[in-house]
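Open the model in a viewer and keep the sequence panel beside it. The tour goes from the whole chain to one helix and back out to its surroundings.

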Amino acid sequence: METILYAVADGIATLTLNRPAQRNAVDLVMRSEIAQVVAAIRQDRGIRVLIITGAGGAFSGGGDSGTMQTPDTSAEAARNRMQDMHSWMEGLLTLDRPVIAAVDGVAYGMGFAFALAADFVLATPRARFCLPFLRIGLIPDAGILYTLPRAVGLQRAKELAFSTREIGAEEAKQLGIVFEIVAEDRLAERARQLALSFTQASPTSVSLTKRALNASLHSDLSTMLELEATGQGVARNTEYHREAIGRFLDKQRARFQWPKTMK
């Protein structure tokens with residue numbers, strides 16, 4: 001692939017945005033390659049976790065401005081391009097396996113969207129997040145209008161979109177965007193440590209839990225209780241659950257252990 005690096009090992013898929021000279025700006029080629037990877041991950045049940053990161057000290061500077069200059073400038077063409085991108089972005093947002101974003105440097109525009117698509121965002125102290133869309137007369141895209149209010153609340157989402165201001169890692173953590181702040185030289189290690197823990201969890205339980213929690217933000221109580229009851233019925237019937245109960249009764253350590261925070 002030309003613009004990304006993709007590797008799978010030990011049940012962990014790692015997608016690295018790899019245009020460091022352009023701060024990993026997303027061009028049309030990268031969009032196509034990410035679409036291929038997302039589709040492959042959704043089909044491969046052997047992949048238990050996805051890590052998204054960027055090469056060269058940047059996560060992603062957002063969309064490549066060069067791709068905005070296209071021969072067909074009609075509203076219909078622009079809408080079609082957005083819908084093409086939405087098809088794989090939705091696939092990423094609805095992936096039923098944990099997604100970890102390891103953010104170093106800039107996460108602007110679509111880069112911010114990639115981070116918001118993750119279940120856990122690890123950021124270095126020099127990570128910076130920004131929605132610059134209004135500066136060039138556009139609106140936030142790549143699913144941000146959906147993900148950002150759910151991460152920070154409606155009023156703060158409006159402030160970040162309208163002000164177009166940059167926020168650092170500490171503020172992003174306070175707002176609930178960043179899960180942990182990690183030193184630059186330990187970012188990849190911490191992301192892998194977190195990912196490895198999930199490879200020891202029940203894939204059925206993880207999938208059901210993520211799907212249900214994501215649904216909770218637009219569901220009512222009765223729907224969530226039904227999802228809980230149905231999901232628990234499925235989880236209780238897995239070999240993983242039977243083995244875990246056996247380990248508990250034998251006073252053995254559980255396979256799944258949340259990794260301690262790095263110091």
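The stops below give a selection and then what is found there.

**Whole chain.** Start with everything displayed as a C-alpha trace; this is a predicted model. Along its principal axes the trace spans about 65 × 45 × 35 Å. The radius of gyration is 19 Å, which agrees with the value near 18 Å for a compact globule of 263 residues. Switch to cartoon and the chain shows ten helices and nine strands.

**Surface and contacts.** Turn on the accessible surface, which comes to about 13900 Å², with 54% of it belonging to carbon and sulfur atoms. Of the 263 residues, 44% count as buried. Now display contacts between residues at least 6 apart in sequence: 70% of these join residues at least 24 apart.

**Helix 1.** Select residues 28–43, the 16 residues of helix 1. From first C-alpha to last the helix reaches 23 Å, close to the expected 22 Å. Then go to the start of the helix and show Asp27, where a side-chain oxygen lies within 3.3 Å of the backbone nitrogen of Val29.

**The buried side.** Which residues of helix 1 are buried? Select Met30, Arg31, Glu33, Ile34, Val37, Val38 and Ile41. Looking down the axis, these residues cover an arc of only 165°, so they sit on the same side of helix 1.

**What covers it.** Add the elements over these buried residues, among them strand 1 (4–9), strand 2 (12–17) and strand 3 (49–54). Helix 2 (75–93) and helix 3 (110–116) also belong to the cover.

Methods. Residues numbered from 1 in each chain as written. Predicted model: local features only at pLDDT ≥ 70, side-chain atom pairs only at ≥ 80, totals over all residues. Heavy atoms only, no water. Helix = DSSP H or I, 4+ residues; strand = E, 2+ residues; numbered from the N terminus. Expected span 1.5 Å × (residues − 1). Buried < 20%, exposed > 50% of the residue type's maximum accessible area, 1.4 Å probe, protein only. Arc of directions from axis to C-beta. Contact = heavy atoms within 4.5 Å. Polar contact = N/O pair within 3.5 Å; in protein donor to acceptor, adjacent residues only side chain to side chain. Rg over C-alpha atoms; globule rule 2.2 N^0.38 Å. Areas by Shrake-Rupley, 256 points an atom, 1.4 Å probe, with all protein chains shown as cover.
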